[in-house]
Amino acid sequence: MTLTHSGRIPVLKKKDFESDQEVRWCPGCGDYAILAAFLKTLPTLGIPRENHAIISGIGCAARFPYYVNTYGFHTIHGRAPTIASGLKSANPDLTVWIITGDGDALSIGGNHLLHCLRRNMNVNILLFNNRIYGLTKGQYSPTSEKGKVTKSTPLGSIESPVNPLRFAMASEATFVARTMDSDLRHMSDTIRRAQRHKGVSFVEIMQNCIIFNNGTWKPVSEKKTRAETTVTLEQNKPLIFGQKLDKGLRLKGLGAEVVEFDPETPPSDLLVHDVASPSSLHAYMLTEFDYPEMPIPIGVFRQVERPTYEDSLHEQNRIAIENKGKGDLKSLLHGTNTWEVNADGEEIRNDAVDV
Amino acid sequence: MVKTVESRQSIVIRFAGDSGDGMQLTGNRFTDASALFGNDVSTFPDYPAEIRAPAGTLPGVSGFQVNFSSLDIRTPGDAPDVLVAMNPAALKVNIKDLKRGGIVIVNKDTFTGPNLKKAGYDGNPLDDASLDNYQLHSIPITTLNSNAVRDIPDLNRAFINRSCNLFALGVTFWLFDRPIDSTVKWIEQKFKKFPAVVAQNLKALKTGFYYAETAEMFPSQYVVEPAKIQPGTYREITGNEATAIGLVAASLLADTQLFYGSYPITPASDVLHHLSKYKNYNVMTFQAEDEIAAVGVTIGAAYGGLIAATGTSGPGLALKGEALGLAVMTELPMVVVNVQRGGPSTGLPTKTEQSDLLQAFFGRNGECPMVIIAPKSPIDCFHAAIDAVRIAVKYMVPVLYLSDGYLANGMEPWCLPEIEDLPKIPVTHRTDPNEYFPYIRDTETLARPWAIPGTPGLEHRIGGLEKAEITGNVSYDPDNHQKMCLIRQEKIDRVANDIEDLEIRGAEEGDVLLLTWGGTYGACLSACLQLHEEGHSVGHAHLRWLNPFPKNLEAVLRKFKTVIVPELNLGQLNMLIRARFLIDTVPFNKVKGKPFMIAEVKEKVLEVLGGGK
């Protein structure tokens with residue numbers, strides 16, 4: 001690590017964030033790409049290394065903290081949002097990352113995710129969604145598609161999957177985004193934007209499990225098809241996609257439809273993206289788009305401002321101290337309702353009457 | 001007519017009525033007046049789990065027992081001398097506990113057809129011979145109260161009967177010669193925004209008082225002289241409040257912010273309520289989404305360097321088990337308050353029991369030892385909370401704190417300790433990066449360094465996977481795992497260097513030792529001292545620390561021919577003592593949701609004394 005000439009802000013490089021631990025994901029796992037994007041992004045954030053804390057639960061993704069040279073806590077299955085919430089409450093100056101997977105976040109930890117989002121903890125949640133249980137060797141997950149044949153569903157899964165982004169939206173998340181492991185630049189950009197957002201940030205990263213669910217995102221993740229299967233969300237820009245930028249999205253009733261046009265003259269009534277749209281319906285609608293009927297949206301779906309939990313928590317204490325004065329041991333023990341017994345055994349009531 | 005006045009050392013009175021009758025309030029006011037009068041007092045509220053069970057039914061009965069005395073007392077008393085029953089159900093539920101010859105005061109107006117039927121009476125017990133063994137005082141409280149208050153301006157007529165409890169309180173104030181001024185002031189303060197309510201309650205209280213004086217229904221007044229109590233500043237305190245204050249005090253003594261994460265659960269919720277009021281002590285409270293989250297945020301706060309605590313009751317402790325394993329594995333300091341209640345499952349939420357001891361010892365996967373402390377009285381909750389924090393941060397371990405419903409809701413007058421007598425709690429967050437490793441250890445305590453996120457140069461990773469000694473890296477090495485399991489146990493064992501020796505009260509050695517833990521302290525010590533005074537060779541030793549045991553425990557046990565282990569469970573400490581020391585201890589168990597009475601403990605000891613020799 002080197003310091004700038006001012007000596008205040010350290011200039012950090014990617015290797016400053018690499019830990020000495022050998023990375024142990026399966027060769028070809030999408031997690032390598034996510035780790036690379038993360039390590040590449042951290043030095044660009046201007047945050048001292050010691051102020052990062054990476055909290056994970058259980059699963060393949062949860063090994064992530066071991067590979068980053070910051071503070072890291074590999075906790076228990078599904079509970080990372082709780083440990084992260086306690087840590088962020090204790091020290092709001094920290095940049096807290098929650099690294100989780102589809103099983104960890106949406107199955108065993110679904111309740112904690114919901115509450116972490118609605119509280120608007122200023123933490124960054126990166127959900128690696130490979131639509132399978134990898135660490136336990138290949139059972140269906142809550143994001144696996146219906147009919148999915150796995151070790152525990154030899155005749156196909158009979159469950160409807162949950163859409164992580166819709167879950168986040170319904171939980172009142174203030175930053176909701178999607179990116180993919182095969183697009184390093186987009187991942188890095190999304191991680192940076194998530195960190196800059198003041199409030200809870202929820203990022204779904206479409207990730208490939210090469211062993212148990214290879215190609216699960218194939219149509220959208222492959223470079224040659226991506227232009228046709230995805231639409232990139234950009235603030236205040238019309239939703240246009242396609243190799244030749246000749247397709248767009250237009251409102252139709254309460255939904256949307258794909259329209260084709262000459263790229264030279266795009267129609268004027270295309271849907272324009274707004275992350276802070278007064279109604280969350282815009283973002284909700286986007287979360288419903290699924291290939292092959294619709295292109296899958298990539299980018300920031302929604303970003304709005306709301307007071308954070310930890311700021312409000314500390315603010316209440318600050319105001320209480322301002323109004324009542326800082327409490328000490330004497331005032332603590334005495335409370336508001338004491339009496340004295342003197343050497344003659346007489347009793348005298350003190351203070352105000354406690355009600 | 002000149003009234004006679006009888007003097008008594010102690011009197012136990014129980015107020016009982018429907019859960020909407022205000023019996024807890026009545027009991028609390030009587031306690032306050034008695035404490036201020038100078039008696040030693042001890043209380044035991046006994047209320048149903050339902051917020052409002054159907055009016056007039058047996059499950060809806062709420063009770064509050066007060067023992068007030070001119071002596072130093074340790075329990076809310078065995079059998080009541082006086083029962084105030086506001087309806088037939090309250091009489092039915094409580095009469096069997098009353099001393100033979102005791103005083104029964106009833107609200108006669110409620111002993112009518114439907115109420116009698118709801119309480120399961122065929123006839124009217126006030127008219128038949130069933131109460132012949134008691135001194136029955138049947139007062140038309142509803143009528144008298146209504147006549148007294150009905151002309152108060154702006155009275156809300158719908159609430160006219162709500163002051164019946166204060167009428168009854170007034171009667172008892174006269175009967176036991178209590179001053180009423182503190183209650184008058186309290187009513188004026190409490191309802192100061194509602195003048196009509198103040199007027200109604202004051203009128204009811206005073207009318208009850210004067211009614212008892214003039215109606216000539218009581219042959220005498222009873223006087224319980226003030227107790228000889230040590231000079232000092234006093235307040236009343238319940239166990240839950242003492243637990244809360246103890247945790248705040250510990251944070252002030254440690255000069256480190258307190259964080260309390262909890263999910264509401266009876267009977268632990270009051271700890272959360274109290275702590276939520278201490279924001280100007282910079283206390284942070286976090287009401288989590290569930291029991292698991294409550295312990296999770298607490299671990300997070302401990303990792304962040306705060307004095308961290310979570311609180312729950314038995315079912316919640318079961319849910320916290322996995323996360324407590326994480327706290328043990330990552331060696332983070334925190335306090336886990338468990339206010340025990342009747343189990344298993346939802347069990348008896350508002351009743352007391354000591355049945356989580358083995359859960360505290362063994363209720364986690366793997367070899368997962370935890371330090372366990374149990375307060376012995378409502379006041380001791382304060383000191384035990386401080387002790388729990390002190391050990392947690394010194395040894396870098398989670399500490400389990402086993403309170404119970406009896407301690408939590410019981411109230412005592414508390415002579416406030418001198419602030420200088422409370423020792424500081426040293427807290428060190430490591431900052432030196434030289435030769436730092438996450439799992440290097442203090443040679444005396446085996447504590448690992450508390451290196452908190454935000455500290456430059458100490459970046460490291462921890463987690464639930466087994467740690468390599470010193471480096472803290474993930475390790476699957478067989479020898480390392482065995483070594484680390486032994487180290488985690490050794491840390492707990494070494495806490496024995498830091499805790500007080502076991503003390504023996506009563507006989508120093510001899511025939512019978514009563515070995516107790518937790519909230520049964522008062523009743524068992526009283527039983528021991530009474531028997532000892534009566535000439536029996538009986539001693540009493542009380543375990544405040546359950547894990548580790550005090551170093552002299554075995555020596556104490558071997559001074560007596562027989563060791564009786566009274567517990568409000570089916571023999572949990574008894575099992576541990578037998579397993580550890582191969583001593584043929586005698587269990588004495590009760591699981592009725594109620595505390596021990598002194599008399600039943602004495603009876604057990606006498607049975608053992610009589611049978612053994």
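**Stop 1: chain B as a whole**

Select chain B of this predicted model and colour it by secondary structure: you will find 19 helices and 23 strands. Its radius of gyration is 27 Å, close to the 25 Å that the globule rule gives for 613 residues, so chain B is as compact as a globular protein of that length. Turn the C-alpha trace along its principal axes and the spans are about 85 × 65 × 45 Å. Of the 613 residues, 55% count as buried. If you draw the contacts between residues of chain B at least 6 apart in sequence, 76% of them join residues at least 24 apart.

**Stop 2: the largest nonpolar core**

Next, show I55(A), V389(B), V399(B) and Y401(B) as sticks. Within the largest nonpolar core, which has 252 residues, these four touch the most other members. Now highlight helix α13 of chain B, residues 380–395: with 11 residues, α13 gives this core its largest share.

Stay with I55(A) for a moment and bring up its surroundings. Which residues are in contact with I55(A), leaving aside its neighbours within four places in sequence? Select F73(A), T75(A), A80(A), I83(A), A84(A), L87(A), V96(A), W97(A) and I98(A) to see them.

**Stop 3: a sheet shared by both chains**

Now display the strands of an open sheet with mixed pairing. Nine strands make it up, and you can walk across them in the order β9(A)-β13(A)-β7(A)-β8(A)-β6(A)-β5(A)-β3(A)-β4(A)-β17(B). Which strands lie at the edges? They are β9 of chain A, residues 230–232, and β17 of chain B, residues 461–463, each pairing on one side only. Ignoring direction, neighbouring strands of the sheet are turned by 20 degrees against each other on average.

For a closer look inside the sheet, select residues 95–101 and 124–129 of chain A. These are strands β5 and β6, which run parallel and are joined by five bridges. Label I99(A), and you will find L126(A) of β6(A) standing opposite. As a reminder while you look at the backbone, strands of a sheet pair through backbone hydrogen bonds, either parallel or antiparallel.

**Stop 4: where the chains meet**

Zoom out and select the residues of each chain that are in contact with the other: 58 from chain A and 60 from chain B. On the side of chain A, the elements giving two or more residues are β4 (71–74), α2 (80–90), α4 (110–119), α10 (309–324), α11 (329–334), β14 (338–341) and β15 (347–349). Helix α2(A) gives the most, with eight residues. Colour this side by residue type and it divides into 23 nonpolar, 24 polar and 11 charged residues.

One of the elements listed, β14(A), deserves its own view. Add strand β9 of chain B, residues 232–238: four bridges join β14(A) to this strand, and the two run antiparallel. To pick out one pair, select T338(A), whose bridge partner in β9(B) is R235(B).

**Stop 5: around V149(B)**

Go back to chain B and centre on V149(B), which sits in helix α4. Is this residue buried or exposed? With 26 other C-beta atoms within 10 Å, against a cut-off of 20 or more, V149(B) is buried. Draw a distance to A204(B): the two residues are 55 apart along the chain, yet their C-alpha atoms are separated by 6.8 Å. Beyond its neighbours within four places in sequence, V149(B) is in contact with L155(B), I160(B), S163(B), Q200(B), K203(B) and A204(B).

**Stop 6: backbone details in loops**

Move along to D154(B), in the loop between α4 (141–149) and α5 (164–175) of chain B. Phi of D154(B) is near 65 degrees, a positive value in a residue other than glycine. D154(B) is exposed, with 10 other C-beta atoms within 10 Å.

S345(B) also has a positive phi, about 50 degrees, although it is not a glycine. Look for S345(B) in the loop between β13 (334–340) and α12 (357–362) of chain B; it is exposed, with 8 other C-beta atoms within 10 Å.

Finish with two peptide bonds. The bond from T266(B) to P267(B) is cis, with omega near 0 degrees, and P267(B) belongs to the loop between β10 (258–262) and α9 (269–276) of chain B. The bond from N547(B) to P548(B) is cis as well, with omega near 0 degrees. You will find P548(B) in the loop between β21 (545–547) and α17 (553–557) of chain B.

Conventions
Residues numbered from 1 in each chain as written. Chains lettered and ligands numbered in written order. Predicted model: local features only at pLDDT ≥ 70, side-chain atom pairs only at ≥ 80, totals over all residues. Rg over C-alpha atoms; globule rule 2.2 N^0.38 Å. Buried ≥ 20, exposed ≤ 12 C-beta atoms within 10 Å, placed from the backbone. Contact = placed C-beta atoms within 7 Å. Core = buried A, V, L, I, M, F, W, Y, C linked by C-beta atoms within 7 Å. Nonpolar A, V, L, I, M, F, W, Y, C, P; charged D, E, K, R; others polar. Pairing = 2+ DSSP bridges. Axes fitted to C-alpha atoms, helices over the stretch in contact; angles between N-to-C directions.
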